[in-house]
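Hi everyone, thanks for making time today. I'd like to walk you through a structure that is new to most of us, so please have a look at it first.

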Amino acid sequence: LALRAARDVVGSGGMASRETGELVGMELSKAKLEVVTLTEELAAAESQLRSARFAQHIEARETLGAAALCRQSVKEIVSLHRALDAIVAGMEDATRADGAAASTIAGADGVG
């Protein structure tokens with residue numbers, strides 16, 4: 001804005017009056033203040049972005065750790081399930097063997 005005002009004054013071919021010079025100076029001061037303000041806001045936004053990225057990085061590492069623990073837990077559960085299946089199968093085999101032995105004994109005694 002300040003540069004445009006200065007170009008308008010110079011472009012008109014006339015000498016800038018004192019008032020016009022002051023107006024241009026005020027516009028230039030406003031523009032400089034706006035640049036400083038925007039620079040500070042940019043620095044603050046960049047700082048917030050760095051903080052957010054760091055927090056996101058930490059969250060990602062924690063999520064990966066939690067996923068690894070879940071996978072390990074699932075492996076342990078599968079292992080326990082297989083062991084229980086083997087125990088149950090052994091008990092069923094023992095029950096069948098006991099039943100077959102009882103039938104054989106009952107048949108030999110003539111009972112049944």
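Let's begin with one contact: the side chains of Asp93 and Arg96 form a salt bridge, at 3.0 Å from N to O. Please keep in mind that this is a predicted model. Both residues belong to helix H2, where they sit three residues apart, about one turn of the helix. How exposed are they? Asp93 is partly exposed, because its relative accessible area is 44%, and Arg96 counts as exposed at 54%.

How many salt bridges does a search of the whole structure find? The count is two. Besides the pair we just met, Glu27 and Lys30 join their side chains in a salt bridge, with 3.9 Å from N to O. These two are also in helix H2, and because they are three residues apart, about one helical turn separates them. Is Glu27 buried or exposed? Glu27 has 19% relative accessibility, so this residue counts as buried; the cut-off for buried is under 20%.

Now let's step back to the whole protein. There are two helices and zero strands, and helix H2 covers residues 18–109. Of the 112 residues, 4% count as buried. The protein exposes about 9,600 Å², with 64% of that supplied by carbon and sulfur atoms.

One last stop, on the surface. Leu84, Ile87 and Met91 make a nonpolar patch of about 320 Å². Leu84 is part of helix H2, and this leucine counts as exposed because its relative accessibility is 52%.

That's my tour, and I'm happy to take questions.

Key:
Residues numbered from 1 in each chain as written. Predicted model: local features only at pLDDT ≥ 70, side-chain atom pairs only at ≥ 80, totals over all residues. Heavy atoms only, no water. Helix = DSSP H or I, 4+ residues; strand = E, 2+ residues; numbered from the N terminus. Buried < 20%, exposed > 50% of the residue type's maximum accessible area, 1.4 Å probe, protein only. Areas by Shrake-Rupley, 256 points an atom, 1.4 Å probe, with all protein chains shown as cover. Patch = residues over 30% accessible without salt bridge, like charges linked within 9 Å, V, L, I, M, F, W, Y side chains within 5 Å. Salt bridge = Lys/Arg side-chain N within 4 Å of Asp/Glu carboxyl O.
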